[in-house]
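Let's take a walk through this chain together. Have the sequence and the 3D view open, and we'll go from a few single residues to the overall fold and back again.

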Amino acid sequence: KGIKMQDIWLVRHAESLANAGMATDSYDAIALTDKGLQQAEQLANKWLKQPDLIICSPYLRAVQTAAALQRKYPNVPSQTWAIQEFTYLSQANCQQTTTTTRKPLVQAYWERLDVDYCDGETAESFADFIARARAALLALENETANFVTLFGHGQFMHAMIWLLWHKPVLIDRHAMQSFYAFMQAVRLPNTAIIKLRRLANERTLYVGGIDVAHVLQFN
């Protein structure tokens, strides 16, 4: 009798208004563009295997992306986890800004390399962000569903994979620098899928591959 595998697919949300360069306000209420809604439908149409569990970030762009797959498989249970995007800039300082106009703030944040710095009430520190990513990985390690699909965000998915690959002991300025370099090196376009796999008798999650071609072939 073969050893049962567990597969966990991390899916980045489809194109959002922010991704398209439009000005936004509330981090959690950024919607998908018309193109993003089409991407979500295409993703669901190409999906070849029914998940046993669908997990989603509470942020609207992830919810809208997951909705197409949930409509395709209405009997699959869904859960909302705290896997929302890394919000390291204060929302108050980013009202009606675009990715372009936020660039100086983004650059200043990463150049600071202060893992405990928090930009404001609606922001979180890098240390807290990594702790949240670690908590998500631990929750996945304890999840018993055979095929889990998780709809999330680029930087959060980066953090999960970075933790699995690099296994940092200390979350200090060097770890923060390493994570930033990792994000720059590993690009995750909208609807990219990171495939994790685990043997049933192990706790360790392995990164099986990154699918950025939107061709979903379960194997």
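A polar contact here is a pair of N or O atoms within 3.5 Å; within protein, one of them must be able to donate a hydrogen and the other to accept it, and residues adjacent in sequence count only if both atoms are side-chain atoms. Keep in mind that this is a predicted model, where local features need pLDDT of at least 70 and side-chain atom pairs count only at pLDDT 80 or more, while totals for chains, interfaces and linings use all residues. Residues are numbered from 1 along each chain as its sequence is written, and side-chain values use heavy atoms, with hydrogens and water left out.

With that in hand, look at E124. Its side chain and that of R132 are joined by a polar contact of 2.5 Å. E124 sits in the loop between helix 3 (103-112) and helix 4 (126-141), with helices (H or I, at least four residues) and strands (E, at least two) taken as DSSP runs and numbered from the N terminus. Is E124 buried or exposed? The cut-offs are these: buried means under 20% relative accessible area, exposed means over 50%, and partly exposed is in between (1.4 Å probe, protein chains only). E124 has a relative accessible area of 13%, so it counts as buried. As for its company, contact means heavy atoms within 4.5 Å. Leaving aside neighbours within four places in sequence, E124 is in contact with E85, F86, T87, Y88, Y117, C118, F129 and R132.

That loop between helix 3 and helix 4 also holds L113. Most residues other than glycine have a negative phi. L113 has a phi near 50 degrees, a positive value in a residue that isn't glycine. L113 is buried too, at a relative accessible area of 13%. You'll find another positive phi at T191, near 70 degrees and again in a residue other than glycine. T191 belongs to the loop between helix 6 (173-185) and strand 5, and with 4% relative accessibility it counts as buried.

Now zoom out for the fold. The chain has six helices and six strands, and reading along the sequence gives β-α-β-α-β-α-α-β-α-α-β-β. How does the radius of gyration, taken over C-alpha atoms, compare with the globule rule of 2.2 Å times the number of residues to the power 0.38? For 219 residues a compact globule would come out near 17 Å, and the chain has 17 Å, so the two agree. The C-alpha trace spans about 55 × 40 × 25 Å along its principal axes. Of the contacts in the chain with a separation of 6 or more, 74% are between residues 24 or more positions apart. Of the 219 residues, 48% count as buried.

On the outside, the chain exposes about 10,700 Å², with carbon and sulfur atoms supplying 52% of that; these areas come from the Shrake-Rupley method with a 1.4 Å probe, and for residues only the protein chains shown count as cover.

Back to single residues, starting with I55 in strand 2 (residues 53-56). Its relative accessible area is 0%, so I55 is buried. Not counting residues up to four places away in sequence, I55 touches Q79, W81, I83, L140, V148, T149, L150 and F151. For a sense of distance, the C-alpha atoms of I55 and Q184 are separated by 26 Å, with their positions 129 residues apart along the chain.

Next come two residues to view as a pair. H158 is in helix 5 (residues 154-166), and I194 lies in strand 5. They are 36 residues apart in sequence and 9.6 Å apart in space, C-alpha to C-alpha. H158 counts as buried at 7% relative accessibility, and I194 is buried at a relative accessible area of 2%. Beyond its neighbours within four places in sequence, H158 is in contact with F179, F182, M183, V186 and L188. I194 and Y88, by contrast, are 106 residues apart along the chain, and their C-alpha atoms are separated by 23 Å.

Last stop: T204, in the loop between strand 5 (193-199) and strand 6 (206-211). At 37% relative accessibility, T204 counts as partly exposed. Leaving aside neighbours within four places in sequence, T204 is in contact with R197 and R198. From T204 to P77 is 24 Å in space, C-alpha to C-alpha, and 127 residues in sequence.
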